Amino acid sequence: MINHYYRNVHAIVYVYDVTNLASFENLPVWINECDKHVLDQDLPRVLVGNKCDVENDQIVVANSVAQRFAVCSKRHDFILTFVSLGCA
């Protein structure tokens, strides 16, 4: 059943919450999960830091840490981006 989620994908987007260290620390688990099921290992992979517009004292995963994770990944080249909550 899990393979249905990975069929005909054109990219993989990994999203973590910059205010939640556990969400960032779990990225390797999700990367391994995708590696087991995705046939095309050359798919574009995007790493997204969500909630980057919160107050600085709420951010527990600095942009530099995410950038280092993306650059130092031995298996994949990541596109790194940050998104805000979008609240006015």
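A residue is called buried here when its relative accessible area is under 20%, exposed when that area is over 50%, and partly exposed in between. With that in hand, let us walk through the structure, which is a predicted model.

A good place to begin is the sheet. Three strands make up an open sheet in the order β1-β2-β3, and their pairing is parallel. The edges are taken by β1 and β3 (78–82), each of which pairs on one side only. On average, neighbouring strands are turned by 20° against each other, direction ignored. If you look at β1 and β2, you will find them paired in the parallel sense over 6 bridges. One residue to pick out is Val-15, whose bridge partner in β2 is Val-48.

Now add the helices. Helix α3 lies across β1, β2 and β3 and runs at about 165° to β1. Helix α4 packs on the sheet too, touching β1, β2 and β3, and its direction makes about 165° with that of β3.

Next comes the interior. In soluble globular proteins, nonpolar side chains tend to be buried together. The largest nonpolar core of this model has 16 residues, and Tyr-14, Tyr-16 and Leu-47 touch the most other members. At least two residues of this core come from each of β1 (12–17), α3 (27–37) and α4. To see the surroundings of Tyr-14, look for its contacts beyond four places in sequence, among them Leu-27, Trp-30, Ile-31, Val-48 and Phe-78.

Tyr-16 leads us to the aromatic rings. The structure holds 2 aromatic pairs. In one of them, Tyr-16 and Phe-24 meet edge-to-face, 5.0 Å centre to centre with 70° between the planes. Both Tyr-16 and Phe-24 are buried. Phe-24 also pairs with Phe-69: the ring centres are 5.4 Å apart and the planes stand at 65°, so this pair is edge-to-face, as planes over 60 degrees apart count that way. Because Phe-24 belongs to helix α2 (residues 21–25) and Phe-69 to helix α4 (residues 63–72), the pair ties together parts that are 45 residues apart in sequence. Phe-24 has 10% relative accessibility and therefore counts as buried, whereas Phe-69, at 22%, counts as partly exposed. Together, Tyr-16, Phe-24 and Phe-69 form one aromatic cluster.

Charged side chains make links as well, and the count comes to 3 salt bridges. Lys-51 and Asp-17 meet in one of them, at 3.0 Å from N to O. Since Lys-51 sits in the loop between β2 and α4 while Asp-17 is in strand β1, this salt bridge ties together parts 34 residues apart in sequence. Lys-51 is partly exposed, with a relative accessible area of 27%, and Asp-17 counts as buried at 16%. Another salt bridge joins Arg-45 and Asp-35, whose closest N and O atoms are 3.4 Å apart. It links strand β2, home of Arg-45, with helix α3, home of Asp-35. Arg-45 is buried, with a relative accessible area of 1%. The salt bridge of Lys-36 and Glu-33 spans 3.9 Å, N to O, and both residues lie in helix α3, about one turn of the helix apart. Lys-36 counts as exposed at 64% relative accessibility, but Glu-33 is buried at 19%.

Finally, visit Val-60, in the loop between β2 (45–50) and α4. Val-60 touches Val-18, Thr-19, Asn-20 and Leu-21, leaving aside residues up to four places away in sequence. Val-60 and Val-18 are 42 residues apart in sequence, yet their C-alpha atoms are 6.0 Å apart in space.

Methods
Residues numbered from 1 in each chain as written. Predicted model: local features only at pLDDT ≥ 70, side-chain atom pairs only at ≥ 80, totals over all residues. Heavy atoms only, no water. Phe/Tyr/Trp six-rings, centres within 6.5 Å; stacked < 30°, edge-to-face > 60°. Buried < 20%, exposed > 50% of the residue type's maximum accessible area, 1.4 Å probe, protein only. Helix = DSSP H or I, 4+ residues; strand = E, 2+ residues; numbered from the N terminus. Core = buried A, V, L, I, M, F, W, Y, C linked by side-chain atoms within 4.5 Å. Contact = heavy atoms within 4.5 Å. Pairing = 2+ DSSP bridges. Axes fitted to C-alpha atoms, helices over the stretch in contact; angles between N-to-C directions. Salt bridge = Lys/Arg side-chain N within 4 Å of Asp/Glu carboxyl O.
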